[in-house]
Amino acid sequence: YGEGEPTSVTRYVGFDKPVATGQVYAVRGTSAGMASIEWEAVTADVAGNTLPADAVSYNLYLVEGQEATLVAENLKQTSMDYRVCEDTDEQKFVYFSVTASTTAGEGDSEISALVPVGAAYTLPFNESFANGRLSYIWGTLPLSQTCDVMLGQDTSIDGIDSYDGDNGLLIFNGTFRNDRACIYTGVIHVDETGNPMLTLYYFNYDCSNTLSVQLTDYTTGDGLEIASVEMDPDAPEGWTRLVVDLSEYAGHDISILLLGTIVDSSTIIIDNITIGNVNNNDLTVRNFSMPGRVAPGVSFNVALTYENTGLQPASGYSVSLYRNNELVETVDGVELAPGVCATVTFEQTADATSARSLEYYAVVNFADDQAQADNTTDRYAVKLVSPESPAIADLVATETGEGVSLQWSEPDLTS
């Protein structure tokens, strides 16, 4: 009899690292700077072993941009309220990440959707995507791998300029039928006074793509669709206004979500999203254009585009152009349906005796207008460019008994 070969069995006693945390839910809290976070309990480790609740703890991370900060650790509960910022701080989007831990280490993380924290925006809220940039925070949701939302300019799509002439618009771009993408606002407080409405413009063209407008009510917790649009191949091509009454949400904090669905063409184009008081009678200046430099004796155009942003047709108004604070011309305006724009063009000429800089502004004269503040343009200067050949700059005409006497100085030939 001899000694047999030794043998041994090694078995790990205990738990391995936990699996990733399940779904993480995060919402705006009971005050503007707070967030409420919940997550699903982890009940297994990566080896498939069941984990008792007392063997698992949780770590909560606040994520802003690409930076994650540990804000709570070794939690035994599966929910927490966390103050991100002061209630009066500028609004921003954040999200949260949660991991589970055992004595063997920390598991993989799971993240929440974006949460808006900070002071709600007040009315009027106007996002025109000017020059392809945002004026407020917006969030997006990934709904299709081949569809996204992008900022555009007048050169982004051939033949389609921004509605309001500010070189900016929003584009939903997809590849396949039923591709979807969405974009949503931060939190907006709707005034308790006035006539609050949502207005936006979509470009109608030969397709059947759809746009769903949805609202989240942070005051009640409800969410619903408040309007829907299907592009109409039989309707005129061009910008079309959509108006939605928000009066039932007066005094509430809300968010607006736009969901675009591709049906038979690759793009949906949106511009000039506004939430604010809408009057029955209201003409609004949209664009005022002219060249920056002109030569003496050469005619040029000064153009004013304005819109009927009211709910009723507009008539009985006029448009006036001023140059260097003097009235140049007044023209009668055409009758304008709600949501329709008109452009008045003034032909101008500067001569060699004009001031070196011509300052223009225009006024829409509408006695019934209930919001006169948006009827006058800013002032813009047109610089008079000196001609290449000598020119007289101080011509003076004086009436005499024999007619008119003209006097001038000899031009400067040295410059």
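Select K92 to begin: at 26% relative accessibility, the residue counts as partly exposed. This is a predicted model, so every stop below is a stop in a prediction. Now add E64, whose side chain meets that of K92 in a salt bridge, 2.9 Å from N to O. The two residues sit 28 apart in sequence, K92 in strand β6 (residues 92–102) and E64 in strand β3 (residues 57–64). E64 counts as partly exposed because its relative accessibility is 35%, between the 20% and 50% limits.

**Other salt bridges**

The structure holds 4 salt bridges. For another of them, select R83 and D87, whose side chains meet at 3.0 Å, N to O. R83 is partly exposed at 36% relative accessibility, and D87 is partly exposed at 31%.

Go next to R379 and E359, where the side chains form a salt bridge of 3.3 Å, N to O. This pair links distant parts of the chain, 20 residues apart: E359 lies in strand β28 (357–365), while R379 lies in the loop between β28 and β29. The relative accessible area is 43% for R379, which is partly exposed. E359 is partly exposed too, with 30%.

**The open sheet**

Stay with β28 and β29 and show the sheet they belong to. It is an open sheet of 5 strands with mixed pairing, in the order β23-β29-β28-β25-β26. Select β23 (293–294) and β26 (326–332) for the edges; each pairs on one side only. From β23, step across to β29 (residues 380–384): 2 bridges join these strands, which run parallel. To see the strands face each other, pick V294, which stands opposite L384 in β29.

**The nonpolar cores**

Now select F172, L200, L258 and I270. These are the residues with the most contacts inside the largest nonpolar core, which has 47 residues. To show the strands around them, colour β13 (169–174), β14 (180–185), β16 (196–204), β17 (210–217), β18 (223–230), β19 (238–245), β20 (253–261) and β21 (267–277); these elements each give two or more residues to this core.

Centre on L258. Which residues is L258 in contact with, leaving aside its neighbours within four places in sequence? They are F172, A181, C182, I183, L200, L211, S212, V213, I270 and I273.

For the last stop, select L304, V319, A362 and V364. They are included in a second, separate core of 24 residues.

Technical notes:
Residues are numbered from 1 along each chain as its sequence is written. This is a predicted model: local features need pLDDT of at least 70, side-chain atom pairs count only at pLDDT 80 or more; totals for chains, interfaces and linings use all residues. Side-chain values use heavy atoms; hydrogens and water are left out. A nonpolar core is a set of buried Ala, Val, Leu, Ile, Met, Phe, Trp, Tyr and Cys residues joined through side-chain atoms within 4.5 Å. Buried means under 20% relative accessible area, exposed over 50%, partly exposed in between (1.4 Å probe, protein chains only). Helices (H or I, at least four residues) and strands (E, at least two) are DSSP runs, numbered from the N terminus. Contact means heavy atoms within 4.5 Å. Two strands pair if DSSP finds at least two bridges between them.
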